[in-house]
Amino acid sequence: MTDTTIKQASFASSLLANRAAQLKAGAAPAAARDMIAFTYGLPAEESFPAKEIAEATAWVMQHQAASALQYNSPEPLSEFLIDYIRKEQGIELATQNLLVTAGSGQALSLVCRLLIDKGDYIVVEAPTFLGAVTTFRKAEAEIVEVPLDENGMDIDALDKTLTDLRTQGKSVKFIYTIPTFQNPTGVTMSLERRKHLLEVAERHQVLVLEDDAYHGLLFEGEVPPWLWTLDDKGIVLHCGTFSKTLAAGMRLGWLGGSADLVSRTAGLKDEGGTNPFAGYIAAKFAENGRLERHTNELSNLYRRKRDRMLSGLERYMPDGARWNIPHGGFFIWVELPEGLDTVKMLSKAVKSGVNYLPGTACFASGKGNNTLRLAFSFVKLDQIEQGMRILGEIIREEMESDA
Ligand SMILES: Cc1ncc(COP(=O)(O)O)c(C=O)c1O
C-alpha cells in the first residue's frame with residue numbers, strides 16, 4: 001500500500017513530539033530472536049503456558065462464551081484479584097478499587113489523562129522505566145529525577161526536590177516509583193524507605209503511582225508490603241500486570257486505588273470493559289493457585305538465568321565494572337568505568353550478535369553514558385555465557401582504545 005500523502009503537519013502536536021511514535025510496534029521480539037538479546041524486558045518464550053491457556057480457553061468457550069464474547073468487563077478477573085490481594089497483602093478491596101486495563105501501560109496513560117495538564121510535574125526515579133517516561137512525555141508532563149541507591153529511591157532527595165518545586169510554584173502531580181525489582185536496576189525499596197516515602201508524599205500532598213510490574217518474581221528473601229498496602233490516606237495508585245507472569249500478549253493489567261480515583265479513571269477509558277475475552281481466560285487459568293504455582297516456576301527459571309549472568313559478569317567484566325545482585329525481576333544494572341560510552345559501543349556489540357539497553361535510555365535526563373541494562377529474562381539459558389563473553393571482550397577493547 002502507498003504511504004499517506006497527507007503532510008506531517010496534520011498530526012496532533014503531541015504525537016509529533018513523541019519520537020516513540022516512529023518506532024515500529026511489535027518489532028522487538030522478532031529482532032530479539034536473531035541475537036543474544038539482553039535488551040528487552042521480554043518474558044521467556046519457553047515459559048509460556050500455551051497448553052494450559054488453550055485448556056482455559058476451551059473451558060471458557062464452553063461455559064462462559066456469552067459473557068466472554070460480549071461487550072463486558074472481565075469480572076472473574078477482578079474477583080480473582082480481590083481475592084489474591086486479600087491473601088497476599090491483607091487488604092480488603094471492593095470492585096470499585098480496581099480497574100482492569102490493557103496492560104499496566106494503559107493504567108499509566110490513564111493516570112496521566114486523569115491528572116496531567118501540559119507542564120505539570122512528575123517525579124521519577126533515576127534511572128527508571130523508559131516506557132513510563134515516554135507515556136509521561138506524551139501527556140506533556142515535565143519530568144524531574146530523584147536518585148536511587150541499593151535501597152530504592154533516595155527519599156531525603158525526594159523531600160528536597162518537592163520542597164524546591166513547591167517554592168518555585170510548580171505543580172507536582174505524582175511520584176512514580178517501581179519499588180520492587182525496579183526496572184532497570186533490579187533494586188527493591190526497603191520497608192523503612194517505603195514508610196518514609198508515604199510520609200513525605202502526604203506532607204507535600206502529592207499522589208504516588210506505584211508500579212509493580214515484576215510482582216511475584218522473587219528469587220530469594222522477602223519483599224516488603226506494597227506502598228498501597230501501607231497507605232492509610234488514599235494517596236497511592238497502584239498498577240500491576242499479567243504480562244510478566246502469564247502472557248504479555250493477553251494485554252491485561254490493572255489499576256488499584258481509592259474508589260474515587262479509580263472510578264474517575266474508569267470514566268476516561270475509551271473502549272469500555274477491557275479485553276473480556278482474555279480476562280475470562282486469565283481468570284480461569286489463575287484459579288486454585290495455578291497462577292502462583294506458575295509464577296514460582298518462572299522465578300526458578302529467572303533465578304537460574306540471573307545466576308548464569310552473574311557468573312558471566314564475574315568472569316568476563318573488566319576491573320572497574322560494577323553491578324548489583326537483584327533478588328527478583330528481569331534486570332541487572334551495570335556501571336562501567338567513567339568515560340566509556342555504551343551508546344557508541346552498542347553498534348559493535350550488535351555486529352557481534354549481542355545487544356543490551358544503553359543506560360541513557362533509562363534516564364529522563366539522558367545521562368548515564370557509562371551504564372547499561374542487561375535483561376536476563378528473554379535470552380535462552382545456554383546463550384548467556386557466550387553473550388557475556390562477547391560483551392566482556394567488546395568492553396575491554398573499548399577500554400584499551402580509550403586508554
Ligand atoms: C516497570 C514496568 N511497568 C510497566 C510495564 C508495562 O507492562 P504491560 O503494559 O505489558 O503491563 C513494564 C514492561 O516492561 C515495566 O517494566
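Q: How many salt bridges does the rule find across the interface of domain 1 and domain 2?
A: The rule finds 2 there. This is a predicted model, where local features need pLDDT of at least 70 and side-chain atom pairs count only at pLDDT 80 or more, while totals for chains, interfaces and linings use all residues. Residues are numbered from 1 along each chain as its sequence is written, and side-chain values use heavy atoms, with hydrogens and water left out.

Q: What makes the meeting of Glu145 and Lys367 a salt bridge?
A: The term asks for a side-chain nitrogen of Lys or Arg within 4 Å of a carboxyl oxygen of Asp or Glu. The side chains of Glu145 and Lys367 come to 3.9 Å, N to O, so the pair fits the rule.

Q: Where do domain 1 and domain 2 run in the chain?
A: Domain 1 covers 8-48 + 292-402, and domain 2 covers 50-288. These bounds come from an automatic or database domain assignment. The C-alpha centres of the two domains are 24 Å apart.

Q: How many residues does each domain bring to the contact?
A: Contact means heavy atoms within 4.5 Å; domain 1 gives 32 residues and domain 2 gives 34.

Q: What is the area that domain 1 and domain 2 bury between them?
A: Buried area is the accessible area (1.4 Å probe) that two parts lose on being put together, summed over both. Here that comes to about 2800 Å², with 58% of it on carbon and sulfur atoms.

Q: Why does the backbone of Ser104 count as being in polar contact with the ligand?
A: A polar contact is a pair of N or O atoms within 3.5 Å; within protein, one must be able to donate a hydrogen and the other to accept it, and residues adjacent in sequence count only if both atoms are side-chain atoms. A backbone N or O atom of Ser104 lies 2.6 Å from a ligand oxygen, so that pair passes. In the side chain of Thr241, an N or O atom is 2.6 Å from an oxygen of the ligand, and for the side chain of Lys244 the value is 2.8 Å.

Q: Where does Thr188 sit, and what lies 3.1 Å from a polar atom of its side chain?
A: Thr188 is in the loop between β6 (172-177) and α9 (191-204). Helices (H or I, at least four residues) and strands (E, at least two) are DSSP runs, numbered from the N terminus. The atom at 3.1 Å is the backbone nitrogen of Phe181.
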